[in-house]
Amino acid sequence: MPGAEAIHRIKLNGVDPQRYFTDLLTRLVNGWPNDRIDELMPWHWADSKTAPAPPEGGKGP
C-alpha cells in the first residue's frame, strides 16, 4: 500500500490516486514494457494521453 506521501505527490500532479493506481496496476499486469515505465509516473500519466500497452511480443509506438 502506498504511503501518504506518495498519495499526496500524486494529488499534487492533478491525478486522482484511485484512478491512477487502478490504471497503473492494470497496465503492469497486462505487460507494460519496462523501457516505457517512466510514462506511468504521475507527472506523465493521463488516461487520454498514454497509449495502451502493446500486445505481448509487440513494440510500442
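Guide: Helices are DSSP runs of H or I with at least four residues, and strands are DSSP runs of E with at least two. This is a predicted model.

Visitor: How many helices and strands does the protein have?
Guide: Numbering of these elements starts at the N terminus. H1 takes in residues 4-12, and H2 takes in residues 17-29. The strand count is zero, and the helix count is two.

Visitor: What share of the residues in the protein is buried?
Guide: Buried means under 20% relative accessible area. The protein has 61 residues, and the buried share of them is 26%.

Visitor: How much of the area that the protein exposes do carbon and sulfur atoms supply?
Guide: The protein exposes about 4,600 Å². The part supplied by carbon and sulfur atoms is 56%.

Visitor: Which residues make up the largest nonpolar core?
Guide: Residues in such a core are buried and joined through side-chain atoms within 4.5 Å. The largest one has seven residues. They are Ile 10, Val 15, Tyr 20, Leu 24, Trp 32, Leu 40 and Trp 45.

Visitor: Is Tyr 20 buried or exposed?
Guide: Tyr 20 belongs to that core. Its relative accessibility is 4%. The cut-off is under 20%, so Tyr 20 counts as buried.

Visitor: Which residues does Tyr 20 touch, leaving out those up to four places away in sequence?
Guide: Contact means heavy atoms within 4.5 Å. Core members Ile 10, Val 15, Leu 40 and Trp 45 are among the residues Tyr 20 touches. The full list is Ile 10, Val 15, Leu 40, Met 41, Pro 42 and Trp 45.

Visitor: What kind of aromatic pair do Tyr 20 and Phe 21 form?
Guide: A search of the whole structure finds one aromatic pair. Its ring centres are 5.3 Å apart, and the planes of Tyr 20 and Phe 21 meet at 65°. Planes over 60 degrees apart set the class, so this pair is edge-to-face.

Visitor: How does Phe 21 count by relative accessibility?
Guide: The value for Phe 21 is 22%. The band between buried and exposed begins at 20%. Phe 21 therefore counts as partly exposed.

Visitor: How many salt bridges are there?
Guide: One joins Arg 9 and Glu 5. Another joins Asp 23 and Arg 27, and Glu 39 forms one with Arg 36. The count comes to three.

Visitor: What separates Arg 9 and Glu 5 along helix H1?
Guide: Their side chains meet in a salt bridge of 2.8 Å, N to O. Glu 5 is exposed, at 53% relative accessible area. Because Arg 9 and Glu 5 are four residues apart in H1, the separation is about one helical turn.

Visitor: Are Asp 23 and Arg 27 buried or exposed?
Guide: Both lie in helix H2, four residues apart, and their salt bridge is 2.5 Å, N to O. Asp 23 has a relative accessible area of 15%, and Arg 27 has 11%. Those values are under 20%, so Asp 23 and Arg 27 are buried.

Visitor: Which residue forms a salt bridge with Glu 39?
Guide: The closest N and O atoms of this bridge are 2.9 Å apart. Glu 39 is partly exposed at 27%, whereas its partner is buried at 8%. That partner is Arg 36.

Visitor: How far apart in space are Lys 11 and Pro 42?
Guide: Lys 11 sits in helix H1 and counts as exposed, at 52%. In sequence, Lys 11 and Pro 42 are 31 residues apart. In space, C-alpha to C-alpha, the gap is 8.7 Å.

Visitor: And how far apart in space are Asp 16 and Pro 42?
Guide: Asp 16 lies in the loop between H1 and H2. It is partly exposed, at 38%. Along the sequence, Asp 16 and Pro 42 are 26 residues apart, yet their C-alpha distance is 9.6 Å.

Visitor: Which residue shares a polar contact with His 44?
Guide: His 44 lies in the segment after H2 and is partly exposed, at 46%. Its C-alpha is 8.9 Å from that of Asn 13, 31 residues away along the chain. The polar contact is 3.4 Å, side chain to side chain, and the partner is Trp 43.

Visitor: What share of the contacts with a separation of 6 or more joins residues 24 or more positions apart?
Guide: Tyr 20 and Trp 45 are one example of residues in contact. For the protein, the share from residues 24 or more positions apart is 28%.

Notes
Residues numbered from 1 in each chain as written. Predicted model: local features only at pLDDT ≥ 70, side-chain atom pairs only at ≥ 80, totals over all residues. Heavy atoms only, no water. Phe/Tyr/Trp six-rings, centres within 6.5 Å; stacked < 30°, edge-to-face > 60°. Buried < 20%, exposed > 50% of the residue type's maximum accessible area, 1.4 Å probe, protein only. Areas by Shrake-Rupley, 256 points an atom, 1.4 Å probe, with all protein chains shown as cover. Salt bridge = Lys/Arg side-chain N within 4 Å of Asp/Glu carboxyl O. Polar contact = N/O pair within 3.5 Å; in protein donor to acceptor, adjacent residues only side chain to side chain.
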